[in-house]
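Colleague: I have this model open and would like to understand one part of it properly. Could you walk me through the sheet, and then show me how its surroundings fit in?

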Amino acid sequence: MKLPRNRSHNERLLARQLKSRSTFVLGMPNTLIVEPGAVCSLRCRFCPQSKQDFNFTRGLLNLRDFQRIIGYFEPYLDTVMLFNWGEPLMNPDIGRMVAYASAKGIHTFIHSHFNSLDEALAEELIRGGLFEITASIDGVTQESYAAYRQGGSLERAIANLRLLQEKKRELRADSPRIVWKFLVFRHNEHEMESARLLAGELGIPVEFKFAVTDGTISSTLPEFSSDRPAEKFIRHYGLPCEQLWKSPTIHADGTVLPCCMVSHSRFCAGNVFQQEFGDIWNNEKYRFLREVASGKKEADESVFCYYCMFGRRRRVKGQDA
Ligand code: SF4
Ligand code: SF4
């Protein structure tokens with residue numbers, strides 16, 4: 001595969017190929033989702049990683065392997081999301097990963113449950129240049145918080161949110177941007193106003209988000225209920241299928257997930273520690289997925305799109321998600 005000349009050439013290629021929904025992509029990813037390790041101290045109810053049948057490896061990504069990944073994609077990379085199916089702050093190298101990527105001008109993002117932060121790590125993340133961190137805290141009482149974030153401590157999560165904000169002030173740092181994400185369910189929707197007040201006191205924006213549930217704990221508020229989940233997901237988070245053209249997910253063992261929604265290793269496309277990425281990016285599986293995502297072919301059971309809500313929506317309505 002012939003590589004793009006530079007970052008701006010790559011951006012032009014990606015924009016063109018995303019627009020035309022080309023099945024063969026000449027551009028390189030400008031965004032990576034890298035899994036620091038599919039391990040977590042919590043057991044959230046709808047998290048695939050919490051389930052017995054989760055079959056990705058649970059080892060942690062080490063710094064050297066992270067540097068290998070970044071080294072390969074670096075000329076084209078704008079963003080690295082350091083999270084997927086696990087809790088990123090449980091990887092002891094996370095601060096060094098952030099610093100390594102940031103020093104190369106790459107924006108780093110983390111989503112965390114904020115139970116595993118301490119003062120030293122807070123300082124390391126700030127000094128390392130972390131661009132944005134999102135705290136997943138769904139409630140302002142332990143009872144409603146732990147109804148979903150099973151095993152988590154609300155007191156610790158809020159204390160750590162405060163700690164990071166104070167450390168940022170102490171170091172007079174502009175980043176990371178700190179965001180509080182509150183998934184709205186039936187059991188916590190009455191706490192939204194209190195969360196707004198607490199967020200105001202902390203000086204941190206709170207974002208109320210839709211959660212995909214089985215309906216039993218779904219919010220009664222129309223915007224956050226489980227009706228029309230694909231539409232709501234797109235409204236809150238954007239359409240994940242575009243990842244097929246610009247942002248693969250790389251698991252801690254090097255496995256490439258064509259899309260971050262993939263929650264079983266049998267739907268993966270290759271392994272960057274065992275193959276050239278160029279041989280994965282346009283292989284048969286990737287090209288088939290792009291045809292499916294652009295409505296040129298029907299998904300079959302060999303691809304995760306068949307099971308995913310966006311793929312189902314396309315099959316039912318005969319339209320592009
Ligand atoms: S905190 Fe995140 S990684 Fe951990 S169980 Fe919950 S959703 Fe999964
Ligand atoms: S249909 Fe689902 S699994 Fe397939 S690319 Fe889109 S979001 Fe990913």
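Modeller: Happy to; here is the sheet, followed by a helix beside it in the chain and the two ligand sites.

Please keep in mind that this is a predicted model. Let's start with the whole chain, which has 12 helices and nine strands. Its radius of gyration is 20 Å, close to the 20 Å that the globule rule gives for 321 residues, so the chain is as compact as a globular protein of that length. Along the principal axes, the C-alpha trace spans about 50 × 45 × 35 Å. Of the 321 residues, 39% are buried. Among contacts with a separation of 6 or more, 69% are between residues 24 or more positions apart.

Now to the sheet itself. Nine strands make up an open sheet with mixed pairing, and their order is S6-S5-S4-S3-S2-S1-S7-S8-S9. At the edges are S6 and strand S9 (270-271), each of which pairs on one side only. As a reminder, strands of a sheet pair through backbone hydrogen bonds, either parallel or antiparallel.

Let's zoom in on the part of the sheet that holds S4, S5 and S6. Strand S4 (residues 132-136) pairs with strand S5 (residues 177-183) in the parallel sense, over five bridges. You can find the register by eye: Thr 134 has Val 179 in S5 as its bridge partner, and Ala 135 stands opposite Trp 180 in S5. It may help to recall that in a regular strand the side chains alternate between the two faces of the sheet.

S5 also pairs with strand S6 (residues 206-209); these two run parallel and are joined by four bridges. Here Lys 181 stands opposite Glu 207 in S6. To get from S5 to S6, the chain passes through helix H7 (residues 192-202), and this β-α-β crossover is right-handed.

Next, have a look at helix H3 (residues 94-103). Its buried residues are Ile 94, Gly 95, Met 97, Val 98, Tyr 100 and Ala 101. The cover over them includes two strands of the sheet, S2 (79-81) and S3 (107-112), along with helices H2 (63-73) and H4 (119-127). Tyr 100 is a good residue to click on in this helix. It counts as buried because it has 20 C-beta neighbours inside 10 Å, and 20 is the number at which a residue is called buried. Leaving out residues up to four places away in sequence, Tyr 100 touches Phe 66, Gln 67 and Ile 70. Ile 70 is 30 residues from Tyr 100 in sequence, and their C-alpha atoms are 8.9 Å apart. Just after H3, Gly 105 takes a positive phi of about 80 degrees.

Finally, the two ligands. Around ligand 1 you will find Cys 40, Leu 42, Arg 43, Cys 44, Cys 47, Gln 49, Ser 50, Gly 86, Glu 87 and His 113. By class, that shell has four nonpolar, four polar and two charged residues. The shell of ligand 2 divides into 10 nonpolar residues, one polar and no charged. Its members include the cysteines Cys 241, Cys 259, Cys 305 and Cys 308, and also Phe 304, Phe 310 and Gly 311.

Notes:
Residues are numbered from 1 along each chain as its sequence is written. Chains are lettered from A and ligands numbered from 1 in the order in which they are written. This is a predicted model: local features need pLDDT of at least 70, side-chain atom pairs count only at pLDDT 80 or more; totals for chains, interfaces and linings use all residues. A residue is near a molecule or strand if its C-beta atom, placed from the backbone, lies within 6 Å of it. Ala, Val, Leu, Ile, Met, Phe, Trp, Tyr, Cys and Pro count as nonpolar, Asp, Glu, Lys and Arg as charged, and the others, Gly among them, as polar. A residue is buried if 20 or more other C-beta atoms lie within 10 Å of its own, exposed if 12 or fewer, and partly exposed in between; C-beta atoms are placed from the backbone. Two residues are in contact if their C-beta atoms, placed from the backbone, lie within 7 Å. Two strands pair if DSSP finds at least two bridges between them. A crossover is right-handed if, with the strands pointing away from the viewer, the path from the first strand over the helix to the second runs clockwise. The radius of gyration is taken over C-alpha atoms; the globule rule is 2.2 Å times the number of residues to the power 0.38.
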